[in-house]
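User: I should like to learn how to read the packing features of a protein model. Please begin with the sheet and then proceed to the cores and the helices.

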Amino acid sequence: MWIDYMNKELYEQAIKYEKGSYITSSGALVTLSGAKTGRSPRDKRVVRDETTEDLWWGKGSPNIEMDEHTFLVNRERAVDYLCSLEKVYVNDQFLNWDPEHRIKVRIVSARAYHSLFMHNMCIRPTPEELENFGTPDFTIYNAGQFPCNRYTHYMTSSTSIDLNLARREMIILGTQYAGEMKKGLFGVMHFLMPKRQILSLHSGCNMGKEGDVALFFGLSGTGKTTLSTDQNRYLIGDDEHCWSENGVSNIEGGCYAKCIDLSREKEPDIWNAIKFGAVLENVVFDEHTREVDYSDKSVTENTRAAYPIDFIPNAKIPCVGPHPKNVILLACDAFGVLPPVSRLSLAQTMYHFISGYTALVAGTEDGIKEPTATFSACFGAAFIMYHPTRYAAMLAEKMQKHGATGWLVNTGWSAGSYGSGSRIKLAHTRKIIDAIHSGALLETNYTKTEVFGLEIPTEVEGVPSEILDPANTWSDKKAHKDTLLKLGGLFKKNFEGFLDYKIGTDNNLTQQILAAGPNF
């Protein structure tokens with residue numbers, strides 16, 4: 001049993017015993033995750049019992065139920081397999097940089113790759129903390145490639161990721177994709193933290209030199225990583241955070257960055273972080289020079305790098321900060337009707353936080369491309385445990401208490417939808433973000449848009465004033481109005497799934513949030 005070994009020894013174990021593991025020219029360990037190169041959300045289950053009865057169940061929920069008996073069958077299968085191996089790897093680590101709300105986790109895995117991955121992604125204890133670690137608050141048994149029995153009740157494939165929140169345990173069978181451990185623990189934090197009145201968030205977070213903190217929410221392709229990584233600001237974290245009475249804290253001790261088409265010019269911090277100690281998943285490299293070809297998608301488009309956060313030069317260690325001043329919701333609106341920036345009321349912030357909107361550009365066989373609206377509640381629907389309205393209400397309460405301002409920033413299209421308009425320039429978006437950080441946007445004048453009722457500034461330094469109101473940028477005014485109504489309709493249809501949830505004795509909060517959405 002290899003317990004909390006250093007990365008050098010884990011390198012040796014991976015290269016010696018795990019097929020497909022090599023050292024790249026930059027010193028990173030490159031490895032393969034097998035048949036699964038991404039998460040398996042349809043194979044993730046939660047034991048439904050007295051402990052979890054108040055979770056979000058049913059239509060729209062990411063929580064698929066199972067009973068405890070089936071969990072114990074899978075647990076025994078995973079533990080028996082791990083006990084049969086010559087080598088098993090054990091990590092004792094922490095989640096949450098706030099020492100008052102820290103969670104102790106133990107990860108038992110079959111691969112050195114998994115051990116090094118979690119060594120990078122969780123918070124690494126000091127030798128003294130390790131010596132006095134004691135009983136963990138949560139344990140993962142990761143059997144990797146060893147499958148579940150497909151004929152066991154509730155199983156739909158040979159893969160199963162099972163959470164038992166009463167036992168504080170997680171079982172992984174039939175997948176070697178390391179991201180299941182990371183996101184499984186994120187789900188656990190979404191369960192544990194709200195019970196302490198702490199808000200768990202799927203967001204980036206950075207802090208200015210004056211101590212002003214900003215949270216960045218956004219789905220894939222919205223620019224969350226690019227905009228939250230700022231040479232003039234400290235990085236608190238890139239993905240998972242808590243907001244407590246003490247301020248904000250990063251849940252993790254590392255970063256899990258996408259690598260597809262990575263270049264030194266576009267993402268220098270990530271490029272330089274991929275060095276000795278980092279793990280590269282499913283990338284393709286030259287067998288002689290060991291140079292990685294980040295444009296190669298032959299294994300998967302979901303190529304990833306996992307590295308400790310202190311590999312980023314401007315990371316703030318410890319990864320904590322004061323209460324946020326700005327909450328920035330990012331959307332890549334390929335319909336081209338949302339303003340480049342809008343100031344949100346608390347009710348609007350809750351509405352757009354619950355909606356979690358962006359638009360993808362989907363191609364069809366005959367070459368016609370059109371925008372497709374995508375919604376993910378709380379900008380991370382796959383990981384939340386409670387109803388989205390519960391998290392939104394906590395967000396609004398904390399924003400109100402600590403004086404934070406909500407913003408909706410469109411990084412997508414202007415002067416038309418995808419195909420006729422053009423992408424908003426990154427330089428303009430950066431100027432908008434700078435104006436949010438500096439407080440300049442609080443001092444300017446605002447006008448209100450139709451349908452969505454968004455407050456838009458009349459001027460932003462360094463940004464052409466004519467692009468701030470989408471209605472001014474479309475030459476075809478009827479097409480603009482039709483597209484605006486279409487998107488408003490998509491928002492309304494998506495929100496119908498959240499109307500059945502009540503906070504308190506009445507339905508006032510839900511009605512306030514609903515009223516903050518599109519108005520026809």
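Analyst: Two strands count as paired if DSSP finds at least two bridges between them. Please keep in mind that this is a predicted model. In this model, S17 and strand S21 (residues 304-308) are paired in the antiparallel sense over five bridges. One residue pair may be named: Cys255 has Tyr307 in S21 as its bridge partner.

User: In what order do the five strands of the open sheet lie, and which are the edge strands?

Analyst: The order is S2-S3-S18-S21-S17, and the pairing is mixed. The edges are formed by strand S2 (22-23) and strand S17 (254-258), each of which pairs on one side only. Helix H3 (residues 112-121) packs on this sheet, where it touches strand S3 (29-31), S17, strand S18 (279-281) and S21. The direction of H3 makes about 120° with that of S18.

User: Which residues of the largest nonpolar core touch the most other members?

Analyst: The general idea is that nonpolar side chains tend to be buried together in soluble globular proteins. Here the largest nonpolar core has 126 residues, and those touching the most other members are Trp243, Ile274, Leu280, Tyr307, Phe353 and Met385. Tyr307 is thus both the bridge partner of Cys255 and a member of this group. For Met385, leaving aside neighbours within four places in sequence, the contacts include Val46, Leu55, Trp56, His190 and Phe191. A second, separate core comprises 18 residues, among them Val341, Val409, Ala435 and Leu468.

User: How should the packing of H8 and H12 be described?

Analyst: Two packed helices are described by the angle between their axes and the distance between the axes. Helix H8 (residues 346-355) and helix H12 (residues 477-495) pack at about 80°, and their axes are 10 Å apart. Angles of 65 to 115 degrees count as roughly perpendicular, and H8 and H12 are therefore roughly perpendicular to each other. At their contact, Tyr351, His352, Ile354 and Ser355 in H8 meet Phe491, Lys492, Asn494 and Phe495 in H12. By class, these residues are four nonpolar, three polar and one charged.

User: At what angle do H8 and helix H13 pack, and which residues meet?

Analyst: H8 and helix H13 (residues 508-515) pack at an angle of about 85°, with axes 8 Å apart. This pair is therefore also roughly perpendicular. From H8, Ala347, Met350, Tyr351 and Ile354 meet Leu509, Gln512, Ile513 and Leu514 of H13. This contact has seven nonpolar residues, one polar and no charged ones.

Technical notes: Residues are numbered from 1 along each chain as its sequence is written. This is a predicted model: local features need pLDDT of at least 70, side-chain atom pairs count only at pLDDT 80 or more; totals for chains, interfaces and linings use all residues. Side-chain values use heavy atoms; hydrogens and water are left out. Axes are lines fitted to C-alpha atoms, for helices over the stretch in contact, and angles run from 0 to 180 degrees between N-to-C directions. Helices (H or I, at least four residues) and strands (E, at least two) are DSSP runs, numbered from the N terminus. Angles under 35 degrees count as roughly parallel, over 145 as roughly antiparallel, 65 to 115 as roughly perpendicular and the rest as oblique. Contact means heavy atoms within 4.5 Å. Ala, Val, Leu, Ile, Met, Phe, Trp, Tyr, Cys and Pro count as nonpolar, Asp, Glu, Lys and Arg as charged, and the others, Gly among them, as polar. A nonpolar core is a set of buried Ala, Val, Leu, Ile, Met, Phe, Trp, Tyr and Cys residues joined through side-chain atoms within 4.5 Å. Buried means under 20% relative accessible area, exposed over 50%, partly exposed in between (1.4 Å probe, protein chains only).
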